[in-house]
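Please open the model in your viewer and keep the sequence panel visible. The tour below proceeds by selections, each followed by a short account of what is found there.

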Amino acid sequence: MKRFKLARNIWLGIENLLLHKLRTFLTMLGVVFGVGSVVAMLSVGEGASQEALEQIRKIGSHNIIINSIKSDDETSSSTVYTRMSIYGLKYDDFARVSESNPAVKQAVPVKIINKDARFHTRRMELRVVGTTAKWFEMLDRLVVAGRVLLPRDNEKMANVVVLTEYGARRILATGNTIGENIRIGSDYFMIVGIVKSEGGMAGNIQMPDEQTDAYIPIKVARNYFGDITRKSTAGTWIREMVELHKIIVQVDSLDNVVKTANSIEAMLRRFHDKEDYQISVPLALLRQAEATKRTFNIVLGSIAAISLLVGGIGIMNIMLASVTERTREIGIRRAIGAKRGQIISQFIIETVVLSTVGGFIGIAIGVAIPWAITYFSGMPTVVTMSSIILSVGISISVGVVFGLYPAVRAANVDPIIALRHE
Amino acid sequence: MQTRDSHTSEDGFIRLTNVMKTYQMGIEQVHALAGVSVSFEKGSFWAIMGPSGSGKSTMLNILGCLDRVTSGSYVLQDEDVSTLGDDALSEHRLKHLGFIFQSFNLIPQITVQKNIELPLYYLGWDADESADRAVELAKKVGLEDRLGHKPTELSGGQMQRVAIARALANEPEILLADEPTGNLDTSTGHQIMDLICELNDLGKTIIMVTHESEIAEHAGYNLHMRDGLIERIKENRQ
């Protein structure tokens with residue numbers, strides 16, 4: 001005897017479904033929307049989390065960032081004219097942080113002063129970042145031209161500056177930029193390099209660098225600009241004394257990041273009366289992002305499960321109606337010699353074809369929606385292969401699960417009664 | 001009585017022995033067949049007759065492996081099928097039996113060709129072979145130009161021809177016909193009967209249920225039933 005071929009059975013199922021095109025299409029819609037929304041929502045979630053992960057990666061998952069902040073009582077008393085606010089991280093803090101903890105691989109001190117810069121007739125305000133060569137080791141940024149700061153720049157107290165691509169374009173507006181001198185404050189600095197910068201926020205953490213940065217050796221910064229800044233706010237001159245605005249710490253391994261952050265915090269608390277510093281741990285944020293993603297996936301999973309359940313019930317409902325409608329056909333097939341199993345497989349194949357085709361249309365919609373979201377709103381979306389495989393699997397199972405009962409009902413039709421059925 | 005005895009022998013091609021079929025109707029038991037013994041020889045042509053409720057349809061359903069006996073035995077081609085399961089009965093219908101119905105029982109949504117191919121589909125024939133066979137059968141019943149039509153586009157006589165072609169597709173030894181001319185006008189009915197007689201001449205065993213004596217005359221034997229029992233068997237002189 002020849003084999004009962006699957007391909008022919010599938011083809012038979014397709015032919016039967018094509019007899020009622022509108023009904024088939026409407027029946028499919030449940031699965032189409034179910035699968036479509038799963039793929040679309042997962043891709044939006046995946047896009048958001050990948051973007052967050054990418055930004056956190058740019059800060060560096062091994063890094064801990066300590067920022068100087070004005071403590072609350074300092075902020076409230078700063079209206080006094082003669083008062084000078086003294087707060088933030090000290091040079092001593094940097095020495096303690098970099099030497100006291102064995103897990104600290106390296107640390108970099110950062111001094112930030114806003115200064116006007118001039119180049120011929122152009123001027124702009126730059127965020128002058130006094131730092132060392134290690135800054136560039138710890139934050140992986142693309143070097144567009146020239147070089148970054150070197151250890152000898154600090155040793156020699158060289159008047160050199162590394163600009164960002166954005167800053168260079170705005171203030172120089174020329175192609176050949178390396179070797180030019182620009183004036184920052186009242187001193188001249190030679191441009192030795194251009195780097196790309198990653199401004200903006202990564203989750204709740206501000207990126208350490210900004211678009212208008214100008215990197216100079218920290219010793220030069222301290223020497224020329226000092227620790228005291230004056231700025232005018234609402235007619236009042238405010239003087240602030242901050243030794244270091246930032247300390248970026250790199251830890252030797254991922255396991256030690258949180259531990260080290262805690263011990264640094266404990267140490268700083270001992271030496272600071274007020275809490276005039278803030279510790280950010282990108283890794284903790286990364287963990288938080290992962291937890292958020294998990295929660296998000298559970299919520300999406302539930303929504304998807306409900307919509308697919310509704311879709312499946314819709315399919316089952318139509319298939320039950322179809323079994324009743326086709327009682328006579330089933331009777332004819334049984335009389336001719338079709339076994340119960342063959343009737344079951346005929347109906348299950350029909351529902352699986354229905355749900356699978358619906359699933360594929362759903363995937364197409366689920367891919368198109370994120371594309372449109374990205375195209376119109378710029379929000380990042382990522383359609384992962386795993387979400388598509390998952391959707392195909394789900395739609396096939398919906399067909400099997402919800403097709404089983406109608407198929408068994410069909411197989412149990414008594415051919416004698418069915419043949420008399422009108 | 002002489003005639004009847006010759007059809008209860010032990011070596012029949014199709015043999016019912018003391019077959020009972022009982023239905024439970026509420027608290028009452030109804031004996032649709034109340035102990036029937038008969039054997040049908042290979043190549044014979046039988047017409048089962050009798051008033052409605054006499055058990056002739058039940059007998060045809062049992063002979064066609066669509067229904068099971070309550071007691072007694074049914075031997076089909078040397079095999080006792082009265083104890084077989086559902087799948088085995090399906091297998092018997094598929095390989096050895098062909099059905100012709102009063103209301104044709106074609107699947108209206110598919111073409112004439114697909115209807116004829118239906119048994120071949122379950123026999124596992126591949127598409128090309130099935131198509132060739134369907135064309136050949138359609139020629140045999142004179143409908144080769146209607147293969148692409150839907151059954152609803154055909155006349156009653158044509159539909160019954162398609163049904164006969166379908167019944168022949170699996171090359172059965174036995175054809176079971178349930179009032180094959182019941183839905184047809186007289187002249188079309190005669191044409192269909194001529195076709196059935198032709199098949200009998202080619203060696204098919206044919207068992208037909210009818211209530212028209214004029215139709216029954218085509219058969220070699222007329223079996224009259226009453227109240228679930230065989231009343232008499234008459235041999236027709238051709």
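How many bridges join strand E3 (residues 45-49) of chain B to strand E9 (residues 221-226) of chain B, and in which direction do the two strands run? Select both strands: four bridges join them, and they run parallel. Two strands count as paired if DSSP finds at least two bridges between them; helices (H or I, at least four residues) and strands (E, at least two) are DSSP runs, numbered from the N terminus.

Before continuing, note that this is a predicted model, in which local features need pLDDT of at least 70, side-chain atom pairs count only at pLDDT 80 or more, and totals for chains, interfaces and linings use all residues. Residues are numbered from 1 along each chain as its sequence is written, while chains are lettered from A and ligands numbered from 1 in the order in which they are written.

**The mixed sheet of chain B**

Within the pair just selected, Ala47(B) stands opposite Asn222(B) in E9(B). Extend the selection to the open sheet of six strands, whose order in chain B is E6-E7-E8-E3-E9-E10, with mixed pairing. Strand E6 (97-100) and strand E10 (229-235) of chain B are the edges; each has a single partner strand, so one side of each is left without a neighbour in the sheet. From one strand to the next, the twist averages 20 degrees. Next, add helix H7 (residues 186-201) of chain B, which packs on this sheet and touches E3, strand E7 (174-178) and strand E8 (205-209) of chain B. The direction of H7(B) makes about 150 degrees with that of E8(B). Axes here are lines fitted to C-alpha atoms, for helices over the stretch in contact, and angles run from 0 to 180 degrees between N-to-C directions.

**The antiparallel sheet of chain B**

Now select the open sheet of four strands in chain B, ordered E2-E1-E4-E5, where the pairing is antiparallel. Its edges are strand E2 (28-40) and strand E5 (79-80) of chain B, each with a single partner strand, so one side of each is left without a neighbour in the sheet. Strand E1 (residues 14-25) of chain B is joined to E2(B) by ten bridges. Along this pair, Leu16(B) stands opposite Val38(B), and the bridge partner of Thr22(B) is His31(B). The hairpin of E1(B) and E2(B) has two residues between the strands, and Gly26(B) takes a positive phi near 65 degrees there.

**Where the chains meet**

Display both chains. The contact takes 20 residues from chain B and 17 residues from chain A, two residues being in contact if their C-beta atoms, placed from the backbone, lie within 7 Å. On the side of chain B, helix H3 (86-96) and helix H4 (112-123) are the elements that give two or more residues. The largest share, six residues, comes from H3(B).

**Chain A**

Colour chain A by domain: the assignment gives domain 1 (6-56 + 288-420) and domain 2 (70-275), with bounds from an automatic or database domain assignment. Their C-alpha centres lie 57 Å apart.

Finally, select Ile69(A), in the loop between strand E1 (63-68) and helix H3 (72-77) of chain A. Not counting residues up to four places away in sequence, Ile69(A) touches Asp276(A), Tyr277(A) and Gln278(A). Leu89(A) is 20 residues from Ile69(A) in sequence and 8.8 Å away in space, C-alpha to C-alpha.
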